Amino acid sequence: MDNYLNKLPDVIDSVATNQFYPNLLSWLSSFITFDNAIVYSFEKGAPPRFLSKVERRNSDSVNRIYQRGAYLMDPFYQEIQKGGASTVLTLKELAPKGFYHTDYYLNFYRKTGWCDEAGLLLEISTGRQLGIFFGNEDRPFFSGKHTQAPLKDACDIIRSMARLHKEVSPHAVSHHYRNADMQTRFGLTPRECEVVELILAGKGSPQIAQSLFISLGTVKNHRKNIYQKLDINSQAELFNLFMNGPIQ
């Protein structure tokens, strides 16, 4: 708790920027010790949307498995579906009997490398909740009131900032989140994300090559790889996916 007040101004100052969630995770390290953390937005009728993470090693491939369906068996997701007040819970509190023999644990959870997990579940608005999940690789989280109390006390502050972040300046953050979503959900590289953004901005292949200082042939290869990863066949489908789709 020593850095509680020292880091809070940085979080507040970044509410309307794409640094909000990275700064929030840094601030939360004042409350709870963790090896890894990831933030998802859960919206009714849609898969979880990745927002930010800090980790010891890259977890993009595991995150894609989670977003493509494993989340439906997640005890934290099932708790979110119940709705209700914001809360802090540990995996041990939520895991059903026999959890370590379930398909979710055997086919997905072991791939994360986490031995235990804690989750901060926040109701942001009707039909939208935020999940901030903390993972430890070699030690459990304590479920005692003493350990969780400071984080629970901060719930209202975190929820209010997250609400403002969504409402104050959506255009300032949508580009950042779309790129993060493209990398996590579809496996696009950072360069491929840049190509997608330029296509969506109406740039043709020659303009993209000039903007990124690459050859026209390289642009064409990127477009081919992008279409293959997104399982589409045309630029029109690309526009439909990202300009009208749920990940905006």
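The accessible surface of the chain adds up to about 12700 Å², and carbon and sulfur atoms own 51% of that (Shrake-Rupley areas with a 1.4 Å probe; for residues, only the protein chains shown count as cover). The model is a predicted one, so local features were taken at pLDDT of at least 70 and side-chain atom pairs at pLDDT 80 or more, while totals for chains, interfaces and linings use all residues. Residue numbers start from 1 along each chain as its sequence is written, and side-chain values rest on heavy atoms, with hydrogens and water left out.

As for secondary structure, the chain has 13 helices and five strands (DSSP runs numbered from the N terminus: H or I over at least four residues for helices, E over at least two for strands). Of its 248 residues, 46% come out as buried (under 20% relative accessible area, with exposed meaning over 50% and partly exposed the range in between, 1.4 Å probe, protein chains only). Among contacts with a separation of 6 or more, 61% link residues 24 or more positions apart (contact being heavy atoms within 4.5 Å).

Next, the inside of the model. The largest nonpolar core holds 30 residues, and Leu24, Trp27, Leu28, Ile132 and Phe134 have the most contacts inside it (a core being a set of buried Ala, Val, Leu, Ile, Met, Phe, Trp, Tyr and Cys residues joined through side-chain atoms within 4.5 Å). Two or more residues each come from helix 1 (4–13), helix 2 (20–28), strand 1 (36–43), strand 4 (116–125), strand 5 (128–136) and helix 8 (155–168). The top contributor is helix 2, with six residues. There is also a second, separate core, this one of 23 residues, including Phe42, Tyr71, Phe76 and Leu89. As a general backdrop, nonpolar side chains in soluble globular proteins tend to be buried together.

Helix 2 is also home to Leu25, which counts as buried at 2% relative accessibility. Setting aside neighbours within four places in sequence, Leu25 touches Phe34, Ala37, Val39, Ser52, Lys53, Val54 and Ile132. Val11 lies 14 residues away from Leu25 along the chain, and the two C-alpha atoms are separated by 9.2 Å. Over in strand 2 (residues 49–54) sits Arg49, a charged residue by class that is nonetheless buried, with 13% relative accessibility. Arg49 and Leu130 are 81 residues apart in sequence, yet their C-alpha atoms are 9.6 Å apart in space.

Helix 3 deserves its own paragraph. Six of its eight residues are buried, so helix 3 is largely enclosed by the rest of the structure. The buried ones are Asp60, Val62, Asn63, Arg64, Tyr66 and Gln67. Helix 3 (residues 60–67) packs against helix 6 (residues 103–112) at an angle of about 145°, with the axes 9 Å apart (axes are lines fitted to C-alpha atoms over the stretch in contact, and angles run from 0 to 180 degrees between N-to-C directions). The crossing of the two is left-handed, that is, the near helix is turned anticlockwise from the far one by less than a right angle. On the helix 3 side, Val62, Ile65 and Tyr66 do the touching, and they meet Tyr104, Phe108, Lys111 and Thr112 of helix 6. Sorted by class, this contact has five nonpolar, one polar and one charged residues (Ala, Val, Leu, Ile, Met, Phe, Trp, Tyr, Cys and Pro count as nonpolar, Asp, Glu, Lys and Arg as charged, and the others, Gly among them, as polar). After helix 3 comes Gly69, with a positive phi near 150°.

Further along the chain, Val195 belongs to helix 10 (residues 190–200) and is buried at 0% relative accessibility. Beyond its neighbours within four places in sequence, Val195 is in contact with Ile208, Leu212, His222, Arg223 and Ile226. Ile208 is 13 residues from Val195 in sequence and 6.9 Å from it, C-alpha to C-alpha.

Finally, two loop residues other than glycine have positive phi. Phe213, in the loop between helix 11 (205–212) and helix 12 (216–230), has phi near 60° and is exposed at 76% relative accessibility. Asp231 sits in the loop between helix 12 and helix 13 (235–243). Phi of Asp231 is likewise near 60°, and Asp231 is exposed, with a relative accessible area of 70%.
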